[in-house]
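Hi,

Here is the structure I promised to pass on. Have a look at it first, and then read on for what turned up in it.

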Amino acid sequence: MRIKIKYHAEGMDKIAAIKKGDWIDLRAAETVSMKKGEFRLISLGVSMKLPEGYEAQVAPRSSTYKNWGIIQTNSLGIIDNSYSGTNDIWKFPALAMRDTVIEKNERICQFRLVEKMPEVEFEEADRLDESDRGGFGSTGRA
């Protein structure tokens with residue numbers, strides 16, 4: 001599968017698939033200083049044309065909080081293939097939990113391609129299935 005990509009920041013390391021794992025790392029396109037409690041959209045310095053029928057799911061790397069004390073404010077970013085123009089630059093919505101500096105080219109998040117959900121229709125019913133887990137939060141309760 002091929003993905004067209006445009007880089008928007010000079011001197012950025014190029015994106016490449018990794019040998020271990022299913023996610024592809026994304027990097028900060030600039031050096032960013034943040035104070036505790038500050039929100040910032042950190043540019044990832046790329047625009048991509050995703051394949052038809054796919055979307056990208058963007059999440060922090062496992063070391064992102066440990067290294068920089070930032071969290072992704074929308075928990076999981078979704079980029080569909082309609083966000084594909086030359087100037088549709090991918091960004092990471094970050095909230096700093098401590099004062100921090102993120103250097104340009106640091107790997108702060110990752111993405112993977114996922115097939116888009118098929119079109120669905122809802123059918124209203126009085127009853128669903130005979131099995132019942134007991135409601136929200138009931139898994140594993142004695």
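Which residues in the largest nonpolar core touch the most other members? They are L26, I42, I70, W90, F92, I102 and I108, out of the 22 residues in that core. A nonpolar core here is a set of buried Ala, Val, Leu, Ile, Met, Phe, Trp, Tyr and Cys residues joined through side-chain atoms within 4.5 Å. Buried means under 20% relative accessible area, exposed means over 50%, and partly exposed is in between (1.4 Å probe, protein chains only). At least two residues of this core come from each of β3 (32–34), β5 (46–49), β6 (54–60), β9 (91–96) and β11 (107–115). Strands (E, at least two residues) and helices (H or I, at least four) are DSSP runs, numbered from the N terminus.

Before you go further, please keep in mind that this is a predicted model: local features need pLDDT of at least 70, side-chain atom pairs count only at pLDDT 80 or more, and totals for chains, interfaces and linings use all residues. Residues are numbered from 1 along each chain as its sequence is written, and side-chain values use heavy atoms, with hydrogens and water left out.

Back to the core for a moment. I102 touches A28, E30, T31, V32, I42, W68, I70 and I108, not counting residues up to four places away in sequence. Contact means heavy atoms within 4.5 Å.

Now the overall picture. The protein has one helix and eleven strands, and from the N terminus on its elements run β-β-β-β-β-β-α-β-β-β-β-β. Its radius of gyration is 19 Å, well over the 14 Å that the globule rule gives for 142 residues, so the protein is more spread out than a compact globule. That radius is taken over C-alpha atoms, and the rule is 2.2 Å times the number of residues to the power 0.38. Along its principal axes, the C-alpha trace spans about 60 × 40 × 30 Å. Of the 142 residues, 32% count as buried. Among contacts with a separation of 6 or more, 76% are between residues 24 or more positions apart.

On to the sheets. Strands of a sheet pair through backbone hydrogen bonds, either parallel or antiparallel. Two strands count as paired if DSSP finds at least two bridges between them.

One open sheet has four strands in the order β2-β11-β6-β8, with antiparallel pairing. Its edge strands are β2 (24–27) and β8 (77–80), each pairing on one side only. From one strand to the next, the twist averages 35°. For such angles, axes are lines fitted to C-alpha atoms (for helices over the stretch in contact), and values run from 0 to 180 degrees between N-to-C directions. Four bridges link β6 and β8, and A56 has I79 in β8 as its bridge partner.

Another open sheet has three strands in the order β4-β9-β7, again with antiparallel pairing. Here the edge strands are β4 and β7, each pairing on one side only, and the twist averages 40° from one strand to the next. β4 (residues 39–43) pairs with β9 over five bridges; R40 stands opposite A94 in β9, and L41 has P93 as its bridge partner. On the other side, β7 (residues 70–72) and β9 pair over three bridges, with I70 partnered by A96. I70 is also one of the core residues listed at the start.

Two polar residues are worth a look while you have the model open.

Is N105 buried or exposed? N105 is buried, with a relative accessible area of 16%, and sits in the loop between β10 (100–102) and β11. Leaving out residues up to four places away in sequence, N105 touches G11, M12, D13, R27 and A28. A polar atom of the N105 side chain lies 2.8 Å from the backbone nitrogen of D13.

R107 lies in strand β11 and counts as partly exposed, at 33% relative accessibility. Beyond its neighbours within four places in sequence, R107 is in contact with D25, L26, R27, R61 and W68. The side chains of R107 and D25 are joined by a polar contact of 2.8 Å. A polar contact is a pair of N or O atoms within 3.5 Å; within protein, one must be able to donate a hydrogen and the other to accept it, and residues adjacent in sequence count only if both atoms are side-chain atoms. R107 and S63 are 44 residues apart in sequence, with their C-alpha atoms 9.3 Å apart in space.

Cheers
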